[in-house]
Amino acid sequence: MAVPARTCGASRPGSARTARPRPGPGPGPRRPAAGPMRPLLLLLPLLAASGASAYSFPQQHTMQHWARRLEQEIDGVMRIFGGVQQLREIYKDNRNLFEVQENEPQKLVEKVAGDIESLLDRKVQALKRLADAAETFQKAHHWQDNIKEEDIMYYDAKADAELDDPEGEDVERGSKSSTLRLDFIEDLNFKNKVNYSYTAVQIPTDIYKGSTVILNELNWTEALENVFIENRRQDPTLLWQVFGSATGVTRYYPATPWRAPKKIDLYDVRRRPWYIQGASSPKDMVIIVDVSGSVSGLTLKLMKTSVCEMLDTLSDDDYVNVASFNEKAQPVSCFTHLVQANVRNKKVFKEAVQGMVAKGTTGYKAGFEYAFDQLQNSNITRANCNKMIMMFTDGGEDRVQDVFEKYNWPNRTVRVFTFSVGQHNYDVTPLQWMACTNKGYYFEIPSIGAIRINTQEYLDVLGRPMVLAGKEAKQVQWTNVYEDALGLGLVVTGTLPVFNLTQDGPGEKKNQLILGVMGIDVALNDIKKLTPNYTLGANGYVFAIDLNGYVLLHPNLKPQTTNFREPVTLDFLDAELEDENKEEIRRSMIDGNKGHKQIRTLVKSLDERYIDEVIRNYTWVPIRSTNYSLGLVLPPYSTFYLQANLSDQILQVKYFEFLLPSSFESEGHVFIAPREYCKDLNASDNNTEFLKNFIELMEKVTPDSKQCNNFLLHNLILDTGITQQLVERVWRDQDLNTYSLLAVFAATDGGITRIFPNKAAEDWTENPEPFNASFYRRSLDNHGYIFKPPHQDTLLRPLELENDTVGVLVSTAVELSLGGHTLRPAVVGVKLDPEAWAEKFKVLASNRTHQDQPQKCGPNNPCEMDCEVNNEDLLCVLIDDGGFLVLSNQNHQWDQVGRFFSEVDANLMLALYNNSFYTHKESYDYQAACAPQPPGNLGAAPRGVFVPTIADFLNLAWWTSAATWSLFQQLLYGLLYHSWFQADPAEAEGSPETRESSCVMKQTQYYFGSVNASYNAIIDCGNCSRLFHAQRLTNTNLLFVVAEKPLCSQCEAGRLLQKETHSDGPEQCELVQRPRYRRGPHICFDYNATEDTSDCGRGASFPPSLGVLVSLQLLLLLGLPPRPQPQVHARAASRPL
């Protein structure tokens, strides 16, 4: 029998607890933490000796009796108000209004995989048409040496931003006379303003757009415009079509203005993940850096920055290691072998590189021997393609021919690229020789302005075997997920390399240069539309992964902030809680197999506060013609689902009326899930407004309209009627106040959440989409009654508990058995008044023999303490399965309901954990966003400026040295490009200065451990020892705990932490020792016998002419376009040879 609230108001006698000796070991040191627990039976003799007290700690059978009373009270209230049984009867009474449909996993996953394959195949056909056309246009193009800017008309995507520059700075060189001015229209598909009649051109800031190479590139690529337009005519769903040129020019369609950054625009298509993946095969790269004493401060800074920029040219298909050398070589980080060039590993390298210090003498032999040993290590996972060594040095005389003879000749399977860094007068012939005799290239990096261009052009060399392979290498590749630079959101891109088909002359060798990469974007949202949503239930979903195990689709793929310089790489095992079964599933999917497996696994709740052990069915198939694999996850109870069949239009109208606000006062408030019921339905984050839009649309169309999703609409209207019948049969005639309830509610798969009474909706904070509500999803996954206290952040003030505001939700799933099929189409529950239920809780956990009369105890009538009379000495609490406080007999803890119990009583929570009432799971959120951190000295090093000493200023030789000019040049760059040296790359590319950055957060969730029975123990802490009893409440997610209140704080040292904390993530140095399974692309183009390696970078080093160079920089400052300067090495990607 449920206890009405009115019985809770009886007066409470004062506490009679007296001090007594604490049970425990004899004198000696005590541990200031929760110590070992001992069974209470061993303590009975000690307790008996303390007979002077009128009260004793409750016996185990007494507390079990209290627990049963609590269980009965909860069950009674839920039976009366939850209406589970009545709702089952309502479904059966309306059996003719719906059908039971089956989700057949294998058929479902194969159909979705086929639909995705068809979608991507249409993009592939468009890609091939573009690539073929580009090669044809370039081959037919006649190179023009005297071409001028005014000869070329095109839309410069950055022109509007430059002309509107509030500071009036003409950052780009060149005239705007050749730039078209276009009109744009808003297009929701692109989330942008576009012009479908033209293409747009983006040219990197550090490239002179008036150079002959760029003008010729613009000239021949103009013909692509018609192909772009024709592609869209054949497939109107196409999004961005892009040609990224090896010269740095980007031509994309449709035209849209470039997204103007706040600072300097560092975008270069050749550094985009999709371009890098399409321009070359995977790479095994070892970077070696000369840190001998001859490397001056400025040169070393240039090297550090160069290495970081080089790392940015690598993708997750590549492997890399970085070492420094002088007389000896050693890795700069903890990585002792090649590791995958993923975001986190590259971060380790970049941080380690900043710690390099110059000392000792140059030892090329040590550096190269280390690099070759790294590349010959076959006992590790690596790309096994495009082996290369990148050496950064300020110069030297040794050619280390003996090393190359030993490790690389005669086959020359490892390419060597050498970089002469800084301004110096050393003979660079040995560096040129190393590169030229090992199929590599020699580059010069005299200043910071040359870093970006010269750390990426090695890709042209790697592209040679691809070009020479011809059609065999013309294979479409699909990228990782990444953020579109033009605002489309998360996309994947299909890429196809474009080759130079010109020849040196009749009968001569064909050109071996890559022209660029063609790309077509596919928005993840377009792929998601092909997957079933609401038929899979709240906890069913579709996911897809690539060969690296990174998710393409997953409900947990939700990056809080994105940096479009880096791909979004969330591993399947990080998107879910990792276990052996999921590792096996992931491996099978990467290998392209089909499979099905039912597993028992752990899942996080939607609010990431709880963990549930659940059963899931995984089914997976490969997506043909791609590197992706598709999976389907279904709970057993989602094998079947309801499909409404409301053919009776009169009934449709009747049920629809219960959605009208005019019915809410009598029938309860209705929230409808914000789903895409019809094409013309206006979305809104405000549910009241969304309902208004929905009603207005329904007055114009019928649920059977072709523009509407009939399945969603019929189910919504059916559930409106069914939940109204629950109001009619159960809720309307009940007095909620009698049982201290703030509200009753029901939520359904069809998208209805009905709250009764209507006024309770004002304080309803749960998501109106049941599938996105934590209480809904947890109730489906668990049997019994699921308590959910209000969430409290420890940084916020305690809750102000007032009636009709904050409440504790108690919910349970409604399970139906129809025709032998089991399904759970709804969740019902109540909202408790915490204060009134705290009083009720004290009564139920008391020794009252009569409802209104507490037990009389005294010196002549000793009895056990209880949670009502002795609340000053006895702590009684209900804690949920996540360790959060639900109810307490302590008035001062009422405003702490919803807090992690360790914040309320750290000593007791630790004891519960140590006794296996709770266990925990730690995981990492790699998609979190954190407030920007102020840059430290170390972090700013790559952009730092060399500061000369007083001795330098007094030294005449210093003023005529290359170091002087390098410093002067950096200062000029700093004036020309505001905050260049201090700017973070993300900020420089347009991110707001206050924008949050991505970071890693460590999450810890607690959940019930292995103990199910009632348990008594003592927290052994000397004079601060405490007795406690804990017991799980049957058919709930609650733990009932009774404990003595602590007499002192000696044991407060141990505290369990549940709050999410900032973290560096798991130790990368350990993770790389056990890398996760992956597969690289199945083809590799790193060798062709006909490759011509004679073009290997024969740039000349010359002493700078201070007068000439200063004049050029002053011209730049005055905004005058200088004449094109000689380049370090010639590139003729667009010029027929």
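# A tour of sheets and helices

Start by selecting the open sheet of 6 strands, which has the order β26-β28-β27-β31-β30-β29 with antiparallel pairing. As you look around, keep in mind that this is a predicted model. Now colour the two ends of the sheet: β26 (669-672) and β29 (786-788) stand at the edges, and each has a single partner strand, so one side of each is left without a neighbour in the sheet. If you look across the strands, the twist averages 20 degrees from one strand to the next.

Next, pick out one pair within this sheet. Strand β30 (residues 808-818) and strand β31 (residues 821-832) pair in the antiparallel sense over 10 bridges. To see one of these partnerships, show Leu816, whose bridge partner in β31 is Leu823.

Two helices are worth adding to the view. The first to select is α2, which packs on the sheet and touches β27 (741-748), β29, β30 and β31. The direction of α2 makes about 105 degrees with that of β31. Then select helix α23 (residues 710-731), which also packs on the sheet, touching β26, β27, β28 (752-756) and β31. The direction of α23 makes about 20 degrees with that of β28.

**From α2 to α25**

Keep α2 (residues 60-82) on screen and add helix α25 (residues 834-844). The axes of α2 and α25 come within 9 Å and cross at roughly 135 degrees. The two helices are therefore oblique to each other. Show side chains to see who makes the contact: from α2, Trp66, Arg69, Leu70, Glu73 and Val77; from α25, Trp837, Lys840, Phe841, Val843 and Leu844. What classes of residue make up the contact of α2 with α25? There are 7 nonpolar and 3 charged residues, and no polar ones.

**The sheet of 5 strands**

Now move on to another open sheet, this one of 5 strands, in the order β34-β33-β39-β38-β37 and with antiparallel pairing. β34 and β37 (1015-1019) stand at its edges with a single partner strand each, so one side of each has no neighbour in the sheet. Here the twist averages 25 degrees from one strand to the next. You have already met one of the helices that goes with this sheet: α25 packs on it, touching β33, β34 and β39, and the direction of α25 makes about 55 degrees with that of β34. Helix α27 (residues 906-914) packs on the sheet too, touching β33, β37, β38 and β39, and its direction makes about 55 degrees with that of β38.

Zoom in on the edge strand β34 and its partner. Strand β33 (residues 874-880) and strand β34 (residues 885-888) pair in the antiparallel sense over 3 bridges, and Leu878 has Leu887 of β34 as its bridge partner. The hairpin of these strands has 4 residues between them, and in it Gly883 takes a positive phi near 90 degrees. Then slide over to strand β38 (residues 1026-1032) and strand β39 (residues 1038-1044), which run antiparallel and are joined by 5 bridges. His1029 stands opposite Val1042 in β39.

Return to α27 and colour its residues by burial. Of its 9 residues, 7 are buried, so α27 is largely enclosed by the rest of the structure. The buried ones are Ala906, Asn907, Leu908, Met909, Leu910, Ala911 and Leu912. These residues pack against β33, α26 (901-904), β35 (918-930), β37, β38 and β39. Just after the helix, click on Ser916, whose phi is positive, near 70 degrees.

**A covered strand and a covered helix**

Select strand β19 (residues 541-545) next. Are its faces covered or exposed? Both are covered: Tyr541, Phe543 and Ile545 are buried on one side, and Val542 and Ala544 on the other. With 5 of its 5 residues buried, β19 is largely enclosed by the rest of the structure.

β19 pairs with strand β24 (residues 629-634) in the antiparallel sense over 5 bridges, with Val633 in β24 as the bridge partner of Tyr541. β19 also pairs with strand β20 (residues 551-553), again antiparallel, over 2 bridges. There, Ile545 stands opposite Val551. In the hairpin of β19 and β20, with 5 residues between the strands, look for Gly549, which takes a positive phi near 85 degrees.

Finish at helix α9 (residues 297-311), where 15 residues reach 21 Å from the first C-alpha to the last, close to the 21 Å expected. α9 is mostly covered, with 13 of its 15 residues buried.

Definitions and conventions:
Residues are numbered from 1 along each chain as its sequence is written. This is a predicted model: local features need pLDDT of at least 70, side-chain atom pairs count only at pLDDT 80 or more; totals for chains, interfaces and linings use all residues. Side-chain values use heavy atoms; hydrogens and water are left out. The expected span of a helix is 1.5 Å times one less than its number of residues. Buried means under 20% relative accessible area, exposed over 50%, partly exposed in between (1.4 Å probe, protein chains only). Axes are lines fitted to C-alpha atoms, for helices over the stretch in contact, and angles run from 0 to 180 degrees between N-to-C directions. Angles under 35 degrees count as roughly parallel, over 145 as roughly antiparallel, 65 to 115 as roughly perpendicular and the rest as oblique. Contact means heavy atoms within 4.5 Å. Ala, Val, Leu, Ile, Met, Phe, Trp, Tyr, Cys and Pro count as nonpolar, Asp, Glu, Lys and Arg as charged, and the others, Gly among them, as polar. Two strands pair if DSSP finds at least two bridges between them.
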